[in-house]
Amino acid sequence: MILIYTYIYFLLLEKSELLSDVSSRLWFTYRKKFTPIGGTGPSSDTGWGCMLRCGQMILAQALVYGHLGRDWRWEKGTKQPEEYNRILQCFLDKKDCCYSIHQMAQMGVGEGKSVGEWYGPNTVAQVLKKLALFDEWNSLAVYVSMDNTVVIEDIKKLCRHHPRNTRITIDTSRFTGNFAHSSTIAHKAGLNRNPGATGHCIAWKPLLLIIPLRMGINYINPVYTDAFKECFKVCFVMVCLSGLGGVGINSYYFLIGYTGDELVYLDPHTTQTVVDLEEGGNVDDQSYHCQRAPRRMKILNLDPSVALGFFCKDEHDFDSWCNLVQKEILKKQSLRMFELVQKHPPHWPPFVPPTKPEVSTIGA
């Protein structure tokens, strides 16, 4: 039996359904022969971009669930919804695609990472949070927890936040190509609007919640195993970034489910040739879907530095997530993986929802 985000598959009876579910995930791997990052940087991310690819997979799966739903399936050679094509184009290895390896690598400069340097889970999460500010089509709110603590009050402030309509000067000479233009396009989906007490509409942005964790020193502490597995039973997207074998910079994976004490994962450590847009704006997408049986590994073989990711499309989803996490994960564990609190801790700096930063790639 394999559990993949609320779906239970019995291998002897439902192998084809399992493979269809796995192959429907957008699979991002190393690529080669793309335009050099920054104009003079690397043209392949082999050996250093695996964590960036894992971050792309987390974000892409959230967008797929948000636009197409959990039951959507990809089939080779069939026409896909326009939303799918638009999501995939966000991640192509081109400098003007909002979540490309180019954008992520150069945004990482602001996090203290040189282009071509390996990233950890928390750094990737911070990069995604910044890039999402420019993506007005999806209007996604990315919340990265601090000190293993998820603050409900801050998340609701973030997702209900109305940024001012101010124009920000962005240095796009080497960084974003058409990105500055695309960030001004009015989004057509993603917001949920509810009338507030004053009669005004309140916008709720879909939420990607990322929780960076340290579940041990050199290895995963076995006390976390059951709680870790319970996370896959919680509704909504649940994905992880994690290491294997205790040597984080060598092996990082995107985890999607479990069977017994083994995790099911997609491996980004395959180098493929870059894919360009075809005439008419289509993409040959076969290399973006893993069409073989998924791999498995033991939970205790993970590097203890991980990040959990959850997607909540609306406020009701988030409230349900909070209730389920409290009931099914936190209250049952003597040693908690993370904390869920209602109010912003008074000793922390005030929480201010982020706005579009002024981007400069000088020195990148």
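1. Let me start with Leu330, which sits in helix H9 (residues 315-330); helices here are DSSP runs of H or I with at least four residues, numbered from the N terminus. This is a predicted model, in which local features need pLDDT of at least 70 and side-chain atom pairs count only at pLDDT 80 or more, while totals for chains, interfaces and linings use all residues. Residues are numbered from 1 along each chain as its sequence is written, and side-chain values use heavy atoms, with hydrogens and water left out.

2. Leu330 counts as buried because its relative accessibility is 1%, the cut-off for buried being under 20% relative accessible area (1.4 Å probe, protein chains only). Setting aside neighbours within four places in sequence, Leu330 is in contact (heavy atoms within 4.5 Å) with Val325, Arg336, Phe338 and Leu340. You may also like the pairing of Leu330 with Glu230: they are 100 residues apart along the chain, yet their C-alpha atoms are separated by 10.0 Å.

3. Helix H8 (residues 225-230) holds Phe228, which counts as buried at 0% relative accessibility. From Phe228 to Met337 the C-alpha distance is 8.1 Å, with their positions 109 residues apart in sequence.

4. Now the cores. A nonpolar core is a set of buried Ala, Val, Leu, Ile, Met, Phe, Trp, Tyr and Cys residues joined through side-chain atoms within 4.5 Å. The largest one has 63 residues, and Leu26, Phe28, Phe91, Tyr99, Leu208 and Tyr288 have the most contacts inside it. Helix H2 (residues 50-68) gives the most to this core, namely 13 residues. Apart from it lies another core, of 41 residues, with Met297, Leu308, Phe318 and Leu330 among them.

5. Phe91 deserves a look of its own: beyond residues up to four places away in sequence, it touches Phe28, Gln56, Leu59, Ala60, Leu63, Tyr99 and Ser100.

6. Which residues of helix H3 (residues 82-89) are buried? They are Tyr84, Ile87 and Leu88. Seen down the H3 axis, these fall within an arc of 95 degrees (taken from the directions from the axis to the C-beta atoms), so they line one face of the helix. H2 is included in what covers them.

7. The axes of H2 and H3 come within 10 Å and cross at roughly 160 degrees; axes are lines fitted to C-alpha atoms over the stretch in contact, with angles from 0 to 180 degrees between N-to-C directions. The two helices are therefore roughly antiparallel, a label for angles over 145 degrees. At this interface, Ala60, Leu63, Val64, His67 and Leu68 in H2 meet Glu83, Tyr84 and Ile87 in H3.

Methods
Buried means under 20% relative accessible area, exposed over 50%, partly exposed in between (1.4 Å probe, protein chains only). Angles under 35 degrees count as roughly parallel, over 145 as roughly antiparallel, 65 to 115 as roughly perpendicular and the rest as oblique.
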